[in-house]
Amino acid sequence: MSLTENYKLNIIQWYPGHIAKAEKALKEQLKRVDVVLEVRDTRIPITTRHPKADEWVANKTRVLVLNRQDMILPQVRSLWVDWFKRQGETPYFTNAQQGQGVAAVASSAQAAGVEINKKRRERGMLPRPVRAVVIGFPNVGKSALINRLLGRRVVESAARPGVTRQLRWVRISEHLELLDAPGVIPARLEDQQAALKLAICDDIGEASYDNQLVAAALVDVINDLQTTATNLVPHQPLLTRYQLDSITMTGEAYLHALAEHRHKGDVERTARQLLTDYRKGLLGAISLELPPTS
């Protein structure tokens, strides 16, 4: 069943004013940038690829960072590594909150700087720190990555989209300067399947969606994965967490059954709990996207 069948009357759109301003400012700053660190959510790495990313990167060096590596299974990570290599890209997996994988990202950005400064010397110019920008959707972990690169908290980081609102340069070392940019999202979300995944992962503003419909969609995704990719999801994650199996029910039916089972019929509270549990990893490491097979 398509995730969007229930969503025909509930189109998800979110493009607050600060994002429009940020995108304009980002375009102006890109002229000064040598390296683009593109951060995506490892649970939905296709969905969190901004359609303008290639335009922004242009001929600069791109470092692809897939954050929240702890929220997918190792076998899923291996599939993504192989898939990205076939696309000619090397993904760097990180858990920015804990600092895992961040040193490799820094080394990759600085290696690009070595090449840039070599060319500067050849033209009789003095070397300078490499300038990198961190781009990505809201709430994918950009600020947490910068704080880890710097080794101390300099930019506000929170588990909700839209915290970073202005562009600012942060000096990481004598070799690296980083531009922290607010999360940018397409002005219009044409693909509502993708919009639902953004909502499930909390990578879009909460005001744009209905918790109950999104939670039901999450259950439908988990049911589908349990049927089609058994070895790529934890065993019976909803039954394990809530002592109520979902596999014979639609997402909507399960949400109502779970509300009766745990919250005295309060469907809204149940929907919020289910989404929170998924986002905190309490249902296990569940990737909502697997590499395309074609």
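The paragraphs below lead through this predicted model, from its overall make-up to its salt bridges, a buried histidine, an annotated site and its aromatic pairs.

Taken as a whole, the protein has a secondary structure of 10 helices and six strands. Of its 294 residues, 53% count as buried, and its accessible surface comes to about 14000 Å², with 48% of that area belonging to carbon and sulfur atoms. Among the contacts with a sequence separation of 6 or more, 70% are between residues 24 or more positions apart.

The charged side chains offer a way into the details, since a search of the whole structure finds 17 salt bridges. One of them lies within helix α1, which spans residues 17-29 and holds both glutamate 23 and lysine 27, four residues apart and thus about one turn of the helix from each other. The closest N and O atoms of glutamate 23 and lysine 27 are 3.9 Å apart, a value to be read against the cut-off of 4 Å for a salt bridge. The two partners differ in their surroundings: glutamate 23 is buried, with a relative accessible area of 6%, whereas lysine 27 is partly exposed, with a relative accessible area of 39%.

Another salt bridge joins the side chains of aspartate 34 and arginine 128, with 2.9 Å from N to O. Because aspartate 34 lies in the loop between α1 and β1, and arginine 128 in the loop between α4 (102-122) and β4 (130-136), this pair ties together parts that are 94 residues apart in sequence. Aspartate 34 itself is buried, its relative accessible area being 12%.

A further salt bridge is formed by arginine 49 and aspartate 54, whose closest N and O atoms are 2.7 Å apart. Here arginine 49 counts as partly exposed at 30% relative accessibility, and aspartate 54 likewise counts as partly exposed, at 42%. Both residues also belong to a network of salt bridges that links Glu38, Arg40, Arg49, Asp54, Arg62 and Glu89.

The next residue to consider is histidine 50, which is placed in the loop between β1 (35-41) and α2 (53-57). Is histidine 50 buried or exposed? With a relative accessibility of 5%, histidine 50 counts as buried because that value falls under the 20% cut-off. Leaving aside residues up to four places away in sequence, histidine 50 touches Glu23, Glu38, Trp56, Phe137, Val184, Ile185 and Pro186. Glu23 in this list is the salt-bridge partner of lysine 27, and Glu38 is a member of the salt-bridge network. The C-alpha atom of histidine 50 is separated by 9.1 Å from that of isoleucine 135, a residue 85 positions away along the chain. Within its own loop region, a polar atom of the histidine 50 side chain lies 3.0 Å from the backbone nitrogen of lysine 52.

Attention can now turn to a site named in a record: the unreviewed UniProt entry carries the annotation "binding site" for Asn67, Arg68, Gln69, Asp70 and Gly183. Arginine 68 is found in the loop between β2 (61-67) and α3, and at 15% relative accessibility it counts as buried. Not counting residues up to four places away in sequence, arginine 68 touches Asp41, Thr42, Arg43, Thr94, Asn95, Asn139, Val140 and Asp203, and its side chain makes a polar contact of 2.8 Å with the side chain of aspartate 41. Glutamine 69 is found in the loop between β2 and α3 as well, and it counts as buried at 17% relative accessibility. Under the same exclusion of residues up to four places away, glutamine 69 touches Thr42, Arg77, Phe93, Thr94, Asn95 and Gln100, so that Thr42, Thr94 and Asn95 appear among the contacts of both arginine 68 and glutamine 69.

Finally, the structure holds three aromatic pairs. In one of these, the rings of tryptophan 80 and phenylalanine 84 have their centres 5.7 Å apart and their planes at 35°, so the pair is tilted. Since tryptophan 80 and phenylalanine 84 are four residues apart in helix α3 (residues 74-86), about one helical turn separates them. Phenylalanine 84 also pairs with tryptophan 83 in an edge-to-face arrangement, with 5.0 Å from centre to centre and 80° between the planes. Tryptophan 80 and phenylalanine 84 are both buried, as is tryptophan 83, and ring pairs link Trp80, Trp83 and Phe84 into a cluster.

How values were computed:
Residues numbered from 1 in each chain as written. Heavy atoms only, no water. Phe/Tyr/Trp six-rings, centres within 6.5 Å; stacked < 30°, edge-to-face > 60°. Helix = DSSP H or I, 4+ residues; strand = E, 2+ residues; numbered from the N terminus. Buried < 20%, exposed > 50% of the residue type's maximum accessible area, 1.4 Å probe, protein only. Contact = heavy atoms within 4.5 Å. Polar contact = N/O pair within 3.5 Å; in protein donor to acceptor, adjacent residues only side chain to side chain. UniProt positions renumbered as here; feature names shortened; annotations may be inferred. Areas by Shrake-Rupley, 256 points an atom, 1.4 Å probe, with all protein chains shown as cover.
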